[in-house]
Each structure stands twice: as structure tokens, then as C-alpha cells.
Amino acid sequence: MYSIYATVGGHRVCIYDDTVSNSALKLLDPVLTLSDSAAGSLKFKMAPNNIGYDEYTIESSIAESVSDSGEVVTRTITETVDLVERMRSIITVYLNGEELWEGRVLSEDRDFDNIRNIYCEGELAYLNDTCQPQRKYTLSGENRMRMLLNLVLNLHNNRVDDSKK
């Protein structure tokens, strides 16, 4: 049983679930491509009746302050987000509740029927977001490949935000 979630700005919403008949949780032609040593990809089409098609309104209550009588004053914040937004949204595929794949929206277009065609790349592609300096590495010992990988990942992690580490 597959499900797909979109996360943007800390808000996570199910956009596909194959165990329910609700058309708001259906995608058209979802194709997940997995591969060893590659980022993998996810392609799907989203009809206008899907919950993630348009902007999504999220309400949050925030404890703001304590009044003179000792009561906590809360404020409700309403935020409108596009759940499936290029280079901002994180898409996660689950199989039987276990995470199978995660990536980000790379491209989108709309066809004549206003169906959104979404293409996502896997999280391994986050390494494409940084440039590694050109240098000669001199490593020795039996763990030299692990050392090289750690150097590359540390350089990458120092240059990106936490969601891409």
C-alpha cells in the first residue's frame, strides 16, 4: 500500500493514498524509479480535484503570552502554501508506512486539461547543489574511500541548509 506526502515549510499533507477511494487523494500515472547509486525519480500527474493541486490553507495556534490573570493567550495563524512547489516541496513515498523514497519537485508543467505534470528527483541529487573545489587528494590507508566521501559530504553540508544535508 503506497502513500505519497508533500511537505513544504514544515507542513506535511497526504496527496496520494491507494487504500482510499477519495479522489482528492489520487494521482494519475505515478511512476517511481529506483536505482542503486542514483537519485531515482518520481513522476505523476495531478488533477484539479487533488488536495495538493492548489494552495492549501493551514491553521496553527501559537501561545503568545501570559495575561495578568495567568491565562495563556493564543493566536491562530492562517497560512496559505503551495504543497507541490518547484525546488521547495519535499515529496516522500511510503510503502506500508515505511519511507521508500524522498526527493524534491524539480519541474512542473500543465497540459491542456489543466493537469499538473510533476517530476521529482531523489535526495541524492541534493549533492548537485554544491560545487566541490578542484584539488588533489592524497589519502592513504584502507579507509581512504570513506575519508574521501566524508570530505565531500562535509564540504556539501557546510554550504547547504539543514533540509539538504
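Is Arg116 buried or exposed? Arg116 counts as buried, at 1% relative accessibility. The model is a predicted one, and the points below go through its overall form, its charged pairs and two backbone details.

1. Overall architecture. The chain contains one helix and nine strands. Reading from the N terminus, the order is β-β-β-β-β-β-β-β-β-α, with the helix coming after the strands.

2. Dimensions. The radius of gyration of the chain is 21 Å, whereas a compact globule of 165 residues would have one near 15 Å. Taken along the principal axes, the box filled by the C-alpha atoms is roughly 65 × 55 × 30 Å.

3. Burial and contacts. Of the 165 residues in the chain, 30% are buried. The exposed area of the chain is about 10800 Å², and 47% of that area is supplied by carbon and sulfur atoms. Among contacts with a separation of 6 or more, 45% are between residues 24 or more positions apart.

4. Salt bridges in general. Side chains of opposite charge can pair when their charged atoms come close. Seven salt bridges turn up in a search of the whole structure. The next points take up some of them.

5. Asp29 and Lys45. These two side chains form a salt bridge, with an N to O distance of 3.9 Å. Asp29 belongs to strand S3 (residues 28–33) and Lys45 to strand S4 (residues 41–46), so the pair ties together parts that are 16 residues apart in sequence. The partners differ in exposure: Asp29 is exposed, at a relative accessible area of 55%, while Lys45 is partly exposed, at 32%. The 3.9 Å distance still satisfies the cut-off for a salt bridge, which is within 4 Å.

6. Arg104 and Glu121. A salt bridge joins the side chains of Arg104 and Glu121 at 2.7 Å, N to O. Arg104 sits in strand S8 (residues 98–110) and Glu121 in strand S9 (residues 116–122), so this pair connects parts that are 17 residues apart in sequence. Both residues are buried.

7. Surroundings of Glu121. The relative accessible area of Glu121 is 11%, which means that Glu121 falls under the 20% limit for buried residues. The side chains of Glu121 and Arg104 also count as making a polar contact, at 2.7 Å. Leaving aside residues up to four places away in sequence, Glu121 touches Gly40, Trp101, Gly103, Arg104 and Leu106.

8. Arg116 and its network. Arg116 pairs with Glu108 in a salt bridge whose closest N and O atoms are 2.6 Å apart. Arg116 is buried, at 1% relative accessibility, whereas Glu108 is partly exposed, with a relative accessible area of 30%. The two belong to a network of salt bridges that links Asp82, Glu108, Arg110 and Arg116.

9. Met87. Although Met87 is not a glycine, its phi is positive, at about 60°. Met87 is found in the loop between strand S6 (72–82) and strand S7 (90–95). With 35% relative accessibility, Met87 is partly exposed.

10. Asn114. A positive phi, of about 65°, also occurs at Asn114, again not a glycine. Asn114 is placed in the loop between S8 and S9. Asn114 counts as partly exposed, at 37% relative accessibility.

Methods: Residues numbered from 1 in each chain as written. Predicted model: local features only at pLDDT ≥ 70, side-chain atom pairs only at ≥ 80, totals over all residues. Heavy atoms only, no water. Helix = DSSP H or I, 4+ residues; strand = E, 2+ residues; numbered from the N terminus. Buried < 20%, exposed > 50% of the residue type's maximum accessible area, 1.4 Å probe, protein only. Polar contact = N/O pair within 3.5 Å; in protein donor to acceptor, adjacent residues only side chain to side chain. Contact = heavy atoms within 4.5 Å. Rg over C-alpha atoms; globule rule 2.2 N^0.38 Å. Areas by Shrake-Rupley, 256 points an atom, 1.4 Å probe, with all protein chains shown as cover.
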